[in-house]
Amino acid sequence: MNLNNTIIPSVRNYKYFERALASRSEYILLPDADIGNLQSMIGKCHKAGKKVLVHLELLGGFKPDQAGVTVLKNFYKVDGVISSNFIALRYAKKEGLETIFRVLLVDSRSLEQASNMVKNYSVDVDAIELLPAEYACTCFDLLKRSFNQANTQFIAGGFVKRKYLVDKIFYTGFNGITTSEHTLW
């Protein structure tokens, strides 16, 4: 995964799906997909040359176990997953999927717990997504030291609605952004 200052469209409202397909991003995140519409959406994304990311905890009708991840890879042809569940990320990594560990920063304890999970579970994730973006920017240096893995990319997400925040996120050193704000894609 090489994000290189990429804004990843997070398609929460399907009326903006075509706009996401036309974006410059190599990736599209389908956070509100379900097993009924996922296959057709992935087909359209792949036809447009996009890689598809799904959020394992938000994917409707899906269980993030070994069998479920195998079905996502082999039947649905998902390219990568986002999850806060390290066991599911381990399954995804075994399947050859790109993996993004999602961290919700609610307080200093959540940062400490996430850092310990990365160290203790020894899953080599491709990226770490930190939410909310504004707070992630204020503690990025500390966060980067906490997640001391060599080739890990960092993504900011959550409440990214304005261009000034996009500029701030990339200036801070993040590799990518996830946002559902279609005007930023």
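**Exercise 1. Place Glu-129 in the fold and describe its surroundings.**

Solution. Step 1: locate the residue. Glu-129 sits in strand β6, residues 127-131. Strands (E, at least two residues) and helices (H or I, at least four) are DSSP runs, numbered from the N terminus.

Step 2: note the basis. This is a predicted model, in which local features need pLDDT of at least 70, side-chain atom pairs count only at pLDDT 80 or more, and totals for chains, interfaces and linings use all residues. Residues are numbered from 1 along each chain as its sequence is written, and side-chain values use heavy atoms, with hydrogens and water left out.

Step 3: check accessibility. Glu-129 counts as buried because its relative accessibility is 0%. Buried means under 20% relative accessible area, exposed means over 50%, and partly exposed lies in between (1.4 Å probe, protein chains only).

Step 4: list the neighbours. Contact means heavy atoms within 4.5 Å. Not counting residues up to four places away in sequence, Glu-129 touches Ile-82, Ile-100, Phe-101, Arg-102, Val-103, Ile-155, Gly-157 and Thr-178.

Step 5: look for a polar partner. The side chains of Glu-129 and Arg-102 are joined by a polar contact of 2.6 Å. Such a contact is a pair of N or O atoms within 3.5 Å; within protein, one must be able to donate a hydrogen and the other to accept it, and residues adjacent in sequence count only if both atoms are side-chain atoms.

**Exercise 2. Write out the strand order of the sheet and find its edges.**

Solution. Step 1: give the order. The sheet is open and has eight strands, in the order β1-β8-β7-β6-β5-β4-β3-β2, with parallel pairing. Two strands pair if DSSP finds at least two bridges between them.

Step 2: find the ends. β1 (6-9) and β2 (27-30) are the edge strands, each pairing on one side only. From one strand to the next, the twist averages 25°.

Step 3: inspect two pairs. β7 (residues 153-157) runs parallel to β8 (residues 176-179), and three bridges join them. Gly-157 has Thr-178 as its bridge partner in β8. Three bridges also join β3 (residues 51-55) to β4, again parallel. Here Leu-53 has Gly-80 as its partner in β4.

Step 4: examine the faces of β4. In a regular strand the side chains alternate between the two faces of the sheet. Gly-80 and Ile-82 lie on one side of β4, Val-81 and Ser-83 on the other, and all are buried.

Step 5: add a helix. α4 (residues 86-94) packs on the sheet and touches β4 (80-83) and β5 (98-104). The direction of α4 makes about 165° with that of β5. Axes are lines fitted to C-alpha atoms, for helices over the stretch in contact, and angles run from 0 to 180 degrees between N-to-C directions.

**Exercise 3. Characterise one residue in each edge strand.**

Solution. Step 1: take Ile-7, in β1. With 16% relative accessibility, Ile-7 counts as buried. Beyond four places in sequence, the contacts of Ile-7 include Ser-25, Val-166, Ile-177 and Trp-185.

Step 2: take Leu-29, in β2. Leu-29 counts as buried at 1% relative accessibility. Its contacts beyond four places include Ile-8, Leu-53, Ile-82 and Thr-178.

**Exercise 4. Examine the backbone at Pro-132, Asn-4 and Lys-77.**

Solution. Step 1: check omega. Leu-131 and Pro-132 are joined by a cis peptide bond, with omega about -5°. Pro-132 lies in the loop between β6 and α6 (133-138).

Step 2: check phi. Asn-4, in the segment before β1, has a positive phi near 50°. Asn-4 is exposed, at 62% relative accessibility. Lys-77, in the loop between α3 (66-76) and β4, has a positive phi near 65°. Lys-77 is partly exposed, at 45%.

**Exercise 5. Test the chain against the globule rule.**

Solution. Step 1: count elements. The chain has eight helices and eight strands.

Step 2: apply the rule. The radius of gyration is taken over C-alpha atoms, and the rule is 2.2 Å times the number of residues to the power 0.38. For 185 residues a compact globule would have a value near 16 Å; the chain has 15 Å, which agrees.

Step 3: cross-check. Buried residues make up 51% of the 185 residues. Among contacts with a separation of 6 or more, 63% join residues 24 or more positions apart.
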